[in-house]
Amino acid sequence: MSAVEKINSPKNGQHPHILSHATKIPGLIFLSGQTPVEDGKVVPGGIKEHTAQCIKNLGNVLEAAGSSWEKVAKVNVYLKDMDNFTAMNEVYEQLLPTPKPARTCIQAAKLPMDVDVEIEAIATT
């Protein structure tokens, strides 16, 4: 087996032709940013629903990689508008296990499909 394994979740149909949902190396899994997309379309709702979908999509990739949210070491959150920080945090706090992983949250000028949030992570195997 190669020291680098590319992983795509069958539950996430997002862009496997241009990127892998995750790259796994011995001990670590680097998850590509996930947007609030299901079946190729942005899910309805606002920042709370979109944050929940990003977390669900990342969970699908973690599962495909043989890991889980409990093994996530670092999360990066990209918000279109930092005014959504509090609402995003409400969902994030509810859905991620405690203790929470290290995290960075920044405002990004423009995200794919003009979504309001994208989340990526690094996990252990």
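**View 1. Val77 and its partner across the strand pair.** Val77 stands opposite Ile119, a residue of strand β8. The model shown here and in the other views is predicted. Strand β6, residues 72-79, pairs with β8 in the antiparallel sense, and seven bridges link the two. On its other pairing, β8 (residues 117-124) runs antiparallel to strand β3 (residues 28-34), to which five bridges join it. Ile119 also serves as the bridge partner of Gln34, and Phe30 stands opposite Ile122 of β8.

**View 2. The surroundings of Ile119.** Apart from neighbours within four places in sequence, Ile119 is in contact with Ser32, Gly33 and Gln34, with Thr51, Cys54, Ile55 and Leu58, and with Val75, Asn76 and Val77. Ile119 belongs to the largest nonpolar core, which has 25 residues. Together with Leu31, Trp69, Val75 and Val77, Ile119 is among the members that touch the most others in this core. At least two residues of the core come from each of β3, α1 (47-64), β6, α2 (85-95) and β8. Helix α1 gives the largest share, six residues.

**View 3. The hairpin of β2 and β3.** Strand β2, residues 22-25, runs antiparallel to β3, and four bridges join them. One of the paired positions is Ala22, whose bridge partner in β3 is Leu31. Two residues lie between the strands of this hairpin, where Gly27 takes a positive phi near 90 degrees. Leu31 also appears among the core residues that touch the most other members.

**View 4. Asp116 in the loop before β8.** Asp116 is placed in the loop that lies between β7 (102-107) and β8. Is there a charged partner to look for, and which side chain of opposite charge is nearest to Asp116? The nearest is Lys80, at 7.7 Å, and Asp116, although buried, has no salt bridge. A polar contact of 2.7 Å is made instead between the side chains of Asp116 and His50. Leaving out residues up to four places away in sequence, Asp116 touches Pro36, Gly46, Ile47, His50, Tyr78, Leu79, Lys80 and Leu111. Lys80 is thus listed both as a residue touched by Asp116 and as the nearest side chain of opposite charge.

Notes: Residues are numbered from 1 along each chain as its sequence is written. This is a predicted model: local features need pLDDT of at least 70, side-chain atom pairs count only at pLDDT 80 or more; totals for chains, interfaces and linings use all residues. Side-chain values use heavy atoms; hydrogens and water are left out. Two strands pair if DSSP finds at least two bridges between them. Buried means under 20% relative accessible area, exposed over 50%, partly exposed in between (1.4 Å probe, protein chains only). Lys and Arg count as positive and Asp and Glu as negative; His and the chain ends are not counted. A salt bridge is a side-chain nitrogen of Lys or Arg within 4 Å of a carboxyl oxygen of Asp or Glu. A polar contact is a pair of N or O atoms within 3.5 Å; within protein, one must be able to donate a hydrogen and the other to accept it, and residues adjacent in sequence count only if both atoms are side-chain atoms. Contact means heavy atoms within 4.5 Å. A nonpolar core is a set of buried Ala, Val, Leu, Ile, Met, Phe, Trp, Tyr and Cys residues joined through side-chain atoms within 4.5 Å.
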